[in-house]
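Please open the structure in your viewer and keep the sequence panel beside it. The tour below moves from one selection to the next and says what to look for at each stop.

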Amino acid sequence: MSAQKHVIAVTLIGASLALTAPALAADTLKLAIGQRGLWDSSIAEAGQQTGIFQKHGLDVQVLYASSGGETLQVVISGSADIGVSAGTLGVIGAYAKGAPLRIIAGEATGTAEYYFVRAESPIKKFQDATPSTTLAYSTNGSGTHITALRFMKEYGFTAKLVATGTVPATFTQVMSGQVDIGFSTPPFGLAEEEQGKIRILALADDLTSIRTQTVRVTVANAGDLAKRPDVYKRFIAAYQETIDWMYAQPEALEMYAKYASISPAMAKTVRDKFYPKSMLQLDRVDGIDELMQDAIAFKYIPKVLTQQQLDELLQLPGKH
């Protein structure tokens with residue numbers, strides 16, 4: 001065989017092998033997210049649809065829980081690898097009790113939640129509540145639970161806390177008169193507020209303790225994180241790239257509008273008014289000392305975590 005024919009034969013064999021060899025399998029990560037339909041709960045979906053996760057060698061599978069508290073349980077049990085938007089105090093409390101959790105990113109410094117009543121309710125402000133007034137939160141250990149406790153503490157009132165589950169379930173219970181004060185997160189309830197069916201009592205960000213602290217975080221199962229640290233580093237890089245895309249590209253609003261079943265105009269309002277990009281900082285947890293004091297006050301932990309415990313719990317981007 002001539003040298004030229006030999007080169008051609010080797011080239012053809014190589015091409016054939018390239019065509020028939022299977023592509024390298026992407027690493028799978030199962031994500032538990034506390035509520036479908038929110039701007040920040042759509043990040044994982046956007047990362048999949050745009051191919052950003054695939055570019056980082058990841059196959060991200062999303063499942064939706066009913067709240068941040070349920071999200072934690074799913075991650076603790078190992079049914080999911082990562083939990084998105086879990087209440088920080090709930091995470092601290094679970095970790096202190098020995099749960100295999102690590103915080104791998106901040107999720108929300110401040111929050112888009114608001115509290116509302118039916119339009120005809122005699123309650124005009126939180127301070128109108130009495131001990132018999134029912135005040136909704138999703139589940140124990142969730143961000144909404146913590147926010148309700150903070151409102152009572154900082155505004156100096158007492159109400160009867162009631163676990164109501166998801167945002168849609170909570171809305172139904174308020175409108176049917178089962179619960180006096182409900183919580184919601186945009187876009188849920190904005191149309192009803194425009195129609196005069198509900199009144200917004202307060203924004204969660206009215207509280208300094210919410211506005212200046214990282215009240216929700218992204219967590220990982222400690223066992224899997226220890227086994228596959230590089231996979232999680234790639235996940236955080238891809239997640240940040242997706243966030244950047246969502247605030248830079250107009251297609252992101254169309255994608256979110258379809259995901260949340262709202263108009264593109266409403267999608268823009270949700271993003272620009274309630275979810276400034278500065279809220280979604282992955283590389284830090286702000287107000288950790290104040291968060292631990294609140295965790296003690298609300299009986300999530302008996303005493304502050306040691307520096308050694310914090311070093312183990314906080315596995316933020318760029319730490320190692």
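## Starting in the five-stranded sheet

Begin by selecting β4 and β10, which pair in the antiparallel sense over seven bridges; as you do so, bear in mind that this is a predicted model. Within this pair, find Gly 106, which stands opposite Val 217 in β10. Colouring β4 by accessibility is worthwhile, because nine of its nine residues are buried, so that the strand is largely enclosed by the rest of the structure.

Now extend the selection to the whole sheet, which is open and has five strands in the order β2-β1-β3-β10-β4, with mixed pairing. At its edges stand β2 (58-64) and β4 (101-109), each of which has a single partner strand, so one side of each is left without a neighbour in the sheet. Looking along the sheet, you can follow its twist: neighbouring strands are turned by 25° against each other on average, direction ignored.

Next, select β3 (residues 82-87) together with β10 (residues 214-221), a pair that runs antiparallel over four bridges. Ile 82 is a useful marker here, since it stands opposite Ala 220 in β10. With β3 still highlighted, add helix α4 (residues 68-77), which packs on the sheet and touches β1 (27-33), β2, β3, β4 and β10; the direction of α4 makes about 145° with that of β3.

## The loop before α4

Move to the loop between β2 and α4, where Ala 65 lies. Is Ala 65 buried or exposed? At 9% relative accessibility, Ala 65 counts as buried, because the cut-off for that class is under 20%. Showing its surroundings brings up Ile 33, Gly 34, Gln 35, Glu 70 and Thr 71, which Ala 65 touches when residues up to four places away in sequence are not counted. For a distance check, draw a line from Ala 65 to Leu 31: the two are 34 residues apart in sequence and 9.9 Å apart in space, C-alpha to C-alpha.

## Helix α5

Select residues 88-96, helix α5, of which eight of the nine residues are buried, so the helix is largely enclosed by the rest of the structure. The buried residues of α5 are Thr 88, Leu 89, Gly 90, Val 91, Ile 92, Gly 93, Ala 94 and Tyr 95. Just after α5, stop at Gly 98, which takes a positive phi of about 100°.

## The three-stranded sheet and its helices

The next selection is an open sheet of three strands in the order β8-β5-β9, in which the pairing is antiparallel. Its edge strands, β8 (182-184) and β9 (198-203), each pair on one side only. Here neighbouring strands are turned by 40° against each other on average, direction ignored.

To see how the strands are joined, select β5 (residues 114-118) with β8, which run antiparallel and are connected by three bridges, and then locate Tyr 115, which stands opposite Phe 183 in β8. Adding α7 (residues 167-175) shows a helix that packs on the sheet and touches β5, β8 and β9, its direction making about 145° with that of β8.

A further helix to add is α6, which lies across β5, β8 and β9 and runs at about 75° to β5. Helix α6 (residues 143-155) has 13 residues and reaches 18 Å from its first C-alpha to its last, close to the 18 Å expected at 1.5 Å a residue. Most of α6 is covered, with 10 of its 13 residues buried, among them His 145, Arg 150, Phe 151 and Met 152. After α6 comes Gly 156, whose phi is positive, near 70°.

## A stop in β7

Select Val 162, which lies in strand β7 (residues 160-163). Val 162 is partly exposed, with a relative accessible area of 22%. Leaving aside residues up to four places away in sequence, Val 162 touches Thr 134, Leu 135, Ala 136 and Tyr 137.

## Stepping back

Finally, clear the selections and display the protein as a whole, whose secondary structure comes to 15 helices and 10 strands. Its C-alpha atoms fill a box of roughly 95 × 50 × 30 Å, taken along the principal axes. Buried residues make up 51% of the 320 residues, and the accessible surface comes to about 14400 Å², of which 56% belongs to carbon and sulfur atoms.

Key. Residues are numbered from 1 along each chain as its sequence is written. This is a predicted model: local features need pLDDT of at least 70, side-chain atom pairs count only at pLDDT 80 or more; totals for chains, interfaces and linings use all residues. Side-chain values use heavy atoms; hydrogens and water are left out. Two strands pair if DSSP finds at least two bridges between them. Helices (H or I, at least four residues) and strands (E, at least two) are DSSP runs, numbered from the N terminus. Axes are lines fitted to C-alpha atoms, for helices over the stretch in contact, and angles run from 0 to 180 degrees between N-to-C directions. Contact means heavy atoms within 4.5 Å. Buried means under 20% relative accessible area, exposed over 50%, partly exposed in between (1.4 Å probe, protein chains only). The expected span of a helix is 1.5 Å times one less than its number of residues. Accessible areas come from the Shrake-Rupley method with a 1.4 Å probe; for residues, only the protein chains shown count as cover.
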